[in-house]
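Okay, thanks everyone, let's get going. Today I'd like to talk about salt bridges, so have a look at this one with me.

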Amino acid sequence: MRARHQLLHSRARVRARYAICPLEGYPASRLPHWPDVEARVLASPALGAGFVEYLLEPRRGQGGGARADGRVETFYYVVSGAGDLSVDGRRHPLAAGGYALVPPTADHRFEATADARLVVLKKVYEPLAGSNPPGLLVGDAARVPGAVYMGDEGALLQSLVPDEPAYDLAMNIFTFEPGHSLPVVETHVMEHGLWFLQGKGLYYLGDTWLEVEQDDFIWMGPYVPQSFYATGPVAAKYLYSKNVNRDIPL
Ligand code: UGY
Ligand code: MN
């Protein structure tokens with residue numbers, strides 16, 4: 001928030017194929033299924049995204065969730081704080097770095113046991129003929145090894161969801177040491193919802209380099225040219241989604 005005597009300006013950019021939105025520009029929403037929880041809708045179909053992503057900040061004792069509808073899968077990631085995720089009545093304690101992918105067939109409810117910050121993403125699950133839909137996945141990012149990305153030891157990729165055909169959603173954490181970058185400008189059909197967890201850098205979106213930092217959200221739609229450089233002094237780290245393992249419907 002800027003002091004009243006200062007000019008207003010923003011790094012927010014909303015374009016047809018991408019958006020970058022710093023946290024300070026998102027007013028809170030009220031979500032009926034997360035009563036009293038401070039909620040920010042980071043991405044939605046109104047933006048152009050094929051998914052919905054939220055930043056939720058339940059205080060201790062607050063929570064929310066959804067009933068199984070057979071259609072929508074939900075990913076939870078605990079950025080800070082802690083809580084219990086109950087899935088079909090079974091409790092899974094999650095602390096910072098904890099995550100879960102809940103299938104569309106399960107009721108789920110998260111209750112904060114300490115003031116928490118969550119990134120939550122929901123997406124229509126795309127079934128795959130001949131393959132059983134996956135069950136509940138629960139994990140801890142601290143236990144997921146980082147793979148060296150395309151030969152650069154300063155760029156590590158953690159895949160939080162197994163890369164198996166039954167899953168139609170990848171959720172990854174990229175960590176770049178200062179000065180390291182993606183090796184190319186990528187252009188691909190998959191879209192990304194990206195929450196910037198730590199550090200800062202320059203993101204290439206469309207045809208321009210934009211400064212990004214912790215607590216920024218980026219939506220990258222299909223085919224938006226994209227790349228990233230980490231600047232110092234600490235490693236840059238972001239959590240991002242990617243729709244994977246499915247053909248393109250016509
Ligand atoms: O998985 C990806 O497409 C990743 N390399 N993209 C990105 O970080 N913008
Ligand atoms: Mn990409």
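**Salt bridges, starting from E73**

So, E73 is buried, at 4% relative accessibility; buried here is under 20% relative accessible area, exposed is over 50%, and partly exposed is in between, with a 1.4 Å probe and protein chains only. Quick housekeeping: this is a predicted model, where local features need pLDDT of at least 70, side-chain atom pairs count only at pLDDT 80 or more, and totals for chains, interfaces and linings use all residues. Residues are numbered from 1 along each chain as its sequence is written, and side-chain values use heavy atoms, with hydrogens and water left out.

Who does E73 pair with? It makes a salt bridge with K123, closest N and O atoms 3.9 Å apart; by that I mean a side-chain nitrogen of Lys or Arg within 4 Å of a carboxyl oxygen of Asp or Glu. E73 sits in strand β6 (72-87) and K123 in strand β9 (108-124), so the pair ties together parts 50 residues apart in sequence. Strands are DSSP runs of E, at least two residues, numbered from the N terminus. K123 is buried too, at 9%, and K123 also bridges to E126, at 3.1 Å. E126 itself is partly exposed, at 28%.

Now the other one I like: E213 with R11, closest N and O atoms 3.4 Å apart. E213 is in strand β16 (208-213) and R11 in the segment before β1 (13-14), so this pair ties together parts 202 residues apart in sequence. Both are partly exposed, E213 at 40% and R11 at 24%.

Overall, the search of the whole structure finds 13 salt bridges.

How values were computed: Chains lettered and ligands numbered in written order. Helix = DSSP H or I, 4+ residues; strand = E, 2+ residues; numbered from the N terminus.
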